[in-house]
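Please walk me through this model in a viewer, one selection at a time. For each stop, tell me what to select and what is there.

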Amino acid sequence: MITDVRVPAQHQQAYSTAYEQMLEKVRYEGAYPTLERAEEAVRLVLGGLGRQLTGDERVDFAACLPLEAARVLTAQIPDPQPLTGWAFVKDLAARSGASLATTRWDTGSVFAAVAAYAGPDLITRILHQLPTGHALLFGRAELTSAA
């Protein structure tokens, strides 16, 4: 069970094993010192992605994630105009008060971990839905067709 020493024992939340494993993967990918820091990154990045994704990709991605992570993603109302990858990072940095470099690191760490849950086909579908710049955040090359 993940606990927060600042929260009284009767109010501490137990997480599912799948969510704890996901947090551990994010902690490893991001070299975060604690699972709590990894969870902060997960909540920030998946919340931001929840404001970008719509349609079947949103539903399918949420279905791949542990319940706690899916709730973070789906609790957000999608923006009518999705952001480019760089604008996405800048938006997250502004919301969190963190530096752009830290936010970019958090984004890459979370996307690397959750991409394993979704699989390459769903990630490709998600990237086709989003504006340019998101592929790099998922650790993929940004391929464009020749004009």
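## Helix 2 against helix 6

Begin with helix 2 and helix 6, which are roughly perpendicular to each other. The angle between them is about 85°, and their axes are 9 Å apart. Helix 6 covers residues 100-118, and helix 2 covers 35-50. The model on screen is a predicted one.

To display the contact, select Arg 37, Ala 41, Val 42, Leu 44, Val 45, Leu 46 and Leu 49 on helix 2. On helix 6, add Thr 102, Asp 106, Thr 107, Val 110, Phe 111 and Val 114. Coloured by class, this contact shows nine nonpolar, two polar and two charged residues.

## The whole chain

Now zoom out and colour by secondary structure. The chain contains eight helices and zero strands, so the order of elements from the N terminus reads α-α-α-α-α-α-α-α. Of the 147 residues, 41% are buried. The exposed area of the chain is about 7900 Å², and 56% of that area is supplied by carbon and sulfur atoms.

A contact map adds one more figure. Taking contacts between residues at least 6 apart in sequence, 61% join residues at least 24 apart.

## Helix 2 against helix 4

Keep helix 2 selected and add helix 4, residues 67-74. The two axes come within 7 Å and cross at roughly 50°. That crossing makes helix 2 oblique to helix 4.

On the helix 2 side, select Val 42, Arg 43, Leu 46, Gly 47, Leu 49 and Gly 50. On the helix 4 side, select Ala 69, Val 72 and Leu 73. By class, this contact has six nonpolar, two polar and one charged residues. Val 42, Leu 46 and Leu 49 were also in the selection for the contact with helix 6.

## Gly 47

Stay on helix 2 and centre the view on Gly 47, which is found there. Is Gly 47 buried or exposed? Its relative accessibility is 3%, so Gly 47 counts as buried.

Leaving out residues up to four places away in sequence, Gly 47 touches Val 42, Val 72 and Gln 76. For a distance label, pick the C-alpha atoms of Gly 47 and Ala 70: they are 9.6 Å apart in space and 23 residues apart in sequence. A second label can run from Gly 47 to Leu 92, where the C-alpha separation is 9.2 Å over 45 residues of chain.

## Leu 92

Follow that second label to Leu 92, in helix 5. Leu 92 has 0% relative accessibility and therefore counts as buried. Show its contacts beyond four places in sequence: Leu 44, Val 45, Gly 48, Arg 51, Thr 103 and Thr 107. Of these, Leu 44, Val 45 and Thr 107 also belong to the contact of helix 2 with helix 6.

## The nonpolar core

In soluble globular proteins, nonpolar side chains tend to be buried together. Which residues have the most contacts inside the largest nonpolar core here? They are Leu 46, Phe 61 and Leu 65, in a core of 39 residues. At least two core residues come from each of helix 1, helix 2, helix 3, helix 4, helix 5, helix 6, helix 7 and helix 8. Helix 2 gives the largest share, eight residues.

Select Phe 61 and show what lies around it. Not counting residues up to four places away in sequence, Phe 61 touches Leu 46, Leu 49, Leu 53, Leu 73, Val 114, Ala 118, Leu 122 and Ile 126.

## Ala 115

Next, go to Ala 115 in helix 6. With a relative accessibility of 18%, Ala 115 counts as buried, because the cut-off is under 20%. Apart from neighbours within four places in sequence, Ala 115 is in contact with Ile 123 and Phe 138. The C-alpha atoms of Ala 115 and Phe 138 are separated by 7.4 Å, while the residues are 23 apart along the chain.

## Ala 31

Finish at Ala 31, in the loop between helix 1 (17-30) and helix 2. Ala 31 is exposed, with a relative accessible area of 63%. Check its backbone: phi is near 55°, a positive value in a residue other than glycine.

How values were computed. Residues numbered from 1 in each chain as written. Predicted model: local features only at pLDDT ≥ 70, side-chain atom pairs only at ≥ 80, totals over all residues. Heavy atoms only, no water. Helix = DSSP H or I, 4+ residues; strand = E, 2+ residues; numbered from the N terminus. Buried < 20%, exposed > 50% of the residue type's maximum accessible area, 1.4 Å probe, protein only. Contact = heavy atoms within 4.5 Å. Areas by Shrake-Rupley, 256 points an atom, 1.4 Å probe, with all protein chains shown as cover. Axes fitted to C-alpha atoms, helices over the stretch in contact; angles between N-to-C directions. Parallel < 35°, antiparallel > 145°, perpendicular 65-115°, else oblique. Nonpolar A, V, L, I, M, F, W, Y, C, P; charged D, E, K, R; others polar. Core = buried A, V, L, I, M, F, W, Y, C linked by side-chain atoms within 4.5 Å.
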